[in-house]
Amino acid sequence: MNKKSLISNYYSSHRAELLTYASARLGDSDEAEDIVQNTFFRILTTNKMLTEQTLPALVFTVCRNLVNDHFRRRAFRYEYEHYIQNTCTGNSSMESVFFAADIIEQMERGLARIPENCRTIYRMHILGGMRVSEISAETGENYKTVENRLGLARREMRHYLRAAV
């Protein structure tokens, strides 16, 4: 049995089970549906050897990791929104506008110190919300190269922002 038919058969017979698993953790059926679709997309695009014995464990591992990634992104977004709300106090006073402009200006100064190839990857990750694998696919660069450049950019930004404070 080839890889695609193995995955197709598993999808047909276990999709509802995986959807229940994701829905129980997320509480939102639309998000759970997206997670299940992304799970099978990742399984289809993986280069790992799949058998009838290894496929169930891999499917649930990928699904669990996608659910965890979802919660991590939500927590990060919540912390960021909470920080912005506390900083800006909910109104558009001139003080909060200038404060936001100062933050953006500091960030741009730090980004100017980073090499262009690292800067582009950093912007795609931070501002675009893209993962390393997505950036790698979009830029056509090796995954490890993108990961390395993102690490360099993060390190430089941390050093710059610590010195600026």
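## Gly-129 and its surroundings

Apart from its neighbours within four places in sequence, Gly-129 is in contact with Met-124 and Glu-134. In this predicted model, Gly-129 lies in the loop that runs between helices α5 and α6. With a relative accessibility of 51%, Gly-129 counts as exposed, because the cut-off for that class is over 50%.

Gly-129 can also be placed relative to a residue from another part of the sequence, namely Arg-73: the two are 56 residues apart along the chain, and their C-alpha atoms are 9.4 Å apart in space.

## The helices on either side of the loop

Helix α5 covers residues 116-126 and helix α6 covers residues 132-139; the two pack with their axes 10 Å apart, at an angle of about 130 degrees. That angle makes α5 oblique to α6, and the crossing of the two helices is right-handed.

Which residues of α5 and α6 meet? From α5 come Ile-121, Met-124 and His-125, and from α6 come Ile-135, Glu-138 and Thr-139. Sorted by character, the residues of this contact comprise three nonpolar, two polar and one charged.

Another residue of helix α5 is Asn-117, which has a relative accessibility of 33% and therefore counts as partly exposed. The C-alpha atom of Asn-117 is separated by 9.4 Å from that of Leu-150, a residue 33 positions away along the chain.

## The pairing of α1 and α2

Helix α1, made of residues 3-26, packs with α2 at an angle of about 150 degrees, and the axes of the two helices are 9 Å apart. Because angles over 145 degrees count as roughly antiparallel, α1 is described as roughly antiparallel to α2. The crossing of α1 and α2 is right-handed.

The contact draws on many positions in both helices: among them are Ile-7, Tyr-10, Tyr-11, Leu-18 and Leu-19 in α1, together with Ile-35, Val-36, Thr-39, Phe-40 and Ile-43 in α2. The residues of the contact of α1 with α2 divide into 13 nonpolar, five polar and five charged.

## A buried threonine in α2

Thr-39 has its place in helix α2, which spans residues 29-45. Is Thr-39 buried or exposed? At 0% relative accessibility, Thr-39 counts as buried, since that class takes in values under 20%. When neighbours within four places in sequence are left aside, the residues in contact with Thr-39 are Leu-18, Val-59, Val-62, Cys-63 and Leu-66. Of these partners, Leu-18 also appears among the α1 residues that meet α2.

## The chain as a whole

The chain contains seven helices and zero strands, and so its pattern, read along the sequence, is α-α-α-α-α-α-α. Of its 165 residues, 26% count as buried. If one considers the contacts in the chain with a separation of 6 or more, residues 24 or more positions apart account for 57% of them.

## How confident the prediction is

The chain averages a pLDDT of 83, and 85% of the residues score at least 70. Among the elements of the chain, α6 has the highest mean pLDDT, at 91, whereas helix α4, residues 94-112, has the lowest, at 73. Where pLDDT is low, the predicted coordinates should not be read in detail.

Technical notes: Residues are numbered from 1 along each chain as its sequence is written. This is a predicted model: local features need pLDDT of at least 70, side-chain atom pairs count only at pLDDT 80 or more; totals for chains, interfaces and linings use all residues. Side-chain values use heavy atoms; hydrogens and water are left out. Axes are lines fitted to C-alpha atoms, for helices over the stretch in contact, and angles run from 0 to 180 degrees between N-to-C directions. Helices (H or I, at least four residues) and strands (E, at least two) are DSSP runs, numbered from the N terminus. Angles under 35 degrees count as roughly parallel, over 145 as roughly antiparallel, 65 to 115 as roughly perpendicular and the rest as oblique. A crossing is left-handed if the near helix is turned anticlockwise from the far one by less than a right angle, and right-handed if clockwise. Contact means heavy atoms within 4.5 Å. Ala, Val, Leu, Ile, Met, Phe, Trp, Tyr, Cys and Pro count as nonpolar, Asp, Glu, Lys and Arg as charged, and the others, Gly among them, as polar. pLDDT is the predictor's confidence in each residue, from 0 to 100. Buried means under 20% relative accessible area, exposed over 50%, partly exposed in between (1.4 Å probe, protein chains only).
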